[in-house]
Amino acid sequence: MDFQASLALIAPEILLSLSGLALLLVAAWVGDKASRLISILSCVALGGAFFLVAPAVCGGALGPDTMAFGGQFTADAFAGLAKLMIYAAAGAALVIAPAFFERFNMMRAEYPILVLFAALGMGIMVSATNLLTLYVGLELNSLAAYVLASFLRTDGRSAEAGLKYFVLGALASGILLFGMSLTYGFTGTTSFDGIRAALSGGMTTGALFGVTFMLAGLAFKISAVPFHMWTPDVYEGAPTPVTAFFASAPKVAAIALSARVALDAFGPQWLAWQQIVVFAAIASIVVGALGAIGQANIKRLLAYSSINNVGFILIGLAAATQAGASAMLVYLAIYVAMTVGSFVAVLMLKDAEGNYVEGIADLAGLSRTQPLLALCLAMMMFSLAGIPPLFGFWGKFVVFQAAVQADLVPLAALGIAASVIGAFYYIKIVKVMYFDEPAGTVTGKSDWAHWALLAISAVAVSPLGYLLTKWLGALADGAAAALFHAA
């Protein structure tokens with residue numbers, strides 16, 4: 001494939017790169033007074049990238065025509081569907097940020113630019129078909145994320161969150177890089193196609209250590225047990241719009257990257273890594289469910305909820321089948337809607353002075369003081385718990401179905417049993433809002449942008465979401481087919 005064709009395949013990345021650089025110059029010249037304009041233009045850039053990616057997803061792009069730069073980058077339907085979720089979540093993080101940061105007089109022009117470059121890095125991650133491309137995308141995303149976590153410089157919790165995220169993120173990158181070096185040493189190539197060909201005859205001990213260390217490094221990025229320890233502290237300490245971003249877009253990128261590494265590069269030896277993923281899935285579901293029960297802060301509770309949901313998504317990966325990969329993508333799409341809606345609702349919890357409320361006890365009687373907000377938050381909680389008829393149930397159903405089809409019935413049974421435990425802490429929030437005496441704390445008003453995002457998320461997770469099942473399933477099937485095309 002010639003250079004011009006490769007450039008055409010990376011058009012979304014070129015758009016985000018040029019937009020980020022141009023807006024960085026605007027921020028340098030005009031300063032923070034242009035922060036809202038830069039946020040709007042960043043949303044436009046993300047929207048442009050979204051529409052550039054959409055044709056590949058709708059057309060089920062796969063095969064050699066999607067490969068760019070000598071097989072280092074692919075613009076197939078699998079990467080495209082992940083990018084659509086990433087860009088949508090990043091756009092939501094930009095919309096909800098100004099009102100939050102202006103409350104602290106901390107809205108900076110750099111915030112939307114950092115989100116833009118993080119989205120660029122995540123796009124490279126999900127399109128990587130070479131270990132070197134993988135690492136470039138991962139670090140581009142991580143470096144922006146470390147700054148975003150500590151963006152609220154006047155808040156000690158934010159500085160602590162940024163430091164913890166940086167230290168543990170650097171450790172995860174080191175572990176991943178060590179696994180990549182072992183993989184290269186024992187296969188003689190950094191290309192996913194080359195690694196797959198080298199392992200088609202059998203898995204050497206060195207390559208087994210390589211895939212183990214790589215999955216461990218990626219487990220940090222998706223906050224899967226036992227590498228989840230940073231998640232509650234970072235989610236609680238980081239500014240809430242940043243937490244909403246961390247819980248959605250980077251999660252999609254890291255899970256999609258993990259799926260591509262496991263099913264593409266190490267696909268022929270899936271039995272070697274399946275038991276690792278099965279353990280991580282079960283442990284994440286159980287630890288996420290039990291860890292959330294005693295939480296008094298809603299952001300920490302949502303952090304454990306994130307760990308819990310990663311466990312369910314990993315059940316789809318553990319199946320190591322095309323149906324499992326498709327189920328993962330369906331669950332991720334629903335999860336992004338639920339997560340964005342949940343954190344938008346959290347941002348709308350304000351007292352009379354406009355201070356943000358995070359204590360679960362402060363939500364007491366919310367149904368009587370702000371019934372519409374309480375209804376939307378209750379819908380998010382029930383959907384995250386997987387209670388029908390809300391759309392979150394469908395995400396769990398498809399991953400359990402994929403596990404059963406792959407003869408992983410015990411894993412599916414354990415997942416179903418653990419999801420019952422997880423439902424407790426979601427229902428606890430609903431109980432506090434609807435059955436406790438009003439605390440009278442949450443009385444502040446929110447702007448139309450927050451209500452619009454919350455309404456979109458609420459409609460998506462409502463029973464109306466089931467109207468999308470056939471369409472979403474077809475897109476996910478096409479994306480999964482692209483991932484298994486070379487296998």
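**Salt bridges around helix H4**

Let's start with two charged residues: Glu-13 and Lys-83 are both buried. In this predicted model, they pair up in a salt bridge, with the closest N and O atoms 2.9 Å apart. Glu-13 belongs to helix H2 (residues 11-30) and Lys-83 to helix H4, so the bridge links distant parts of the chain, 70 residues apart. What lets side chains like these pair up? Opposite charges can do so when the charged atoms come close.

Now have a look at H4 itself. This helix covers residues 77-103, 27 residues in total, and it reaches 40 Å from its first C-alpha to its last, close to the expected 39 Å. Most of H4 is covered, with 22 of its 27 residues buried. Follow the helix along and you'll find a bend of about 40 degrees at Ala-97, with a proline, Pro-98, following within four residues. After H4 comes Asn-105, which has a positive phi, near 55 degrees.

H4 also holds Glu-102, which meets Arg-36 of helix H3 (residues 35-58), 66 residues apart. Their side chains form a salt bridge at 3.0 Å, N to O. Buried or partly exposed: which is Glu-102? Its relative accessibility is 39%, so Glu-102 counts as partly exposed. Arg-36, at 44%, is partly exposed too.

Finally, jump to Glu-236 and Arg-300, another salt bridge, with the closest N and O atoms 2.9 Å apart. This one connects helix H10 (residues 231-237) to helix H13 (residues 298-318). Glu-236 counts as buried because its relative accessibility is 19%, under the 20% cut-off. Arg-300 is buried as well, at 17%. Through shared partners, salt bridges join these two with Glu-160, Lys-164 and Asp-233 into one network.

Key: Residues are numbered from 1 along each chain as its sequence is written. This is a predicted model: local features need pLDDT of at least 70, side-chain atom pairs count only at pLDDT 80 or more; totals for chains, interfaces and linings use all residues. Side-chain values use heavy atoms; hydrogens and water are left out. Helices (H or I, at least four residues) and strands (E, at least two) are DSSP runs, numbered from the N terminus. The expected span of a helix is 1.5 Å times one less than its number of residues. The bend at a residue is the angle between axes fitted to the seven residues ending there and the seven starting there. Buried means under 20% relative accessible area, exposed over 50%, partly exposed in between (1.4 Å probe, protein chains only). A salt bridge is a side-chain nitrogen of Lys or Arg within 4 Å of a carboxyl oxygen of Asp or Glu.
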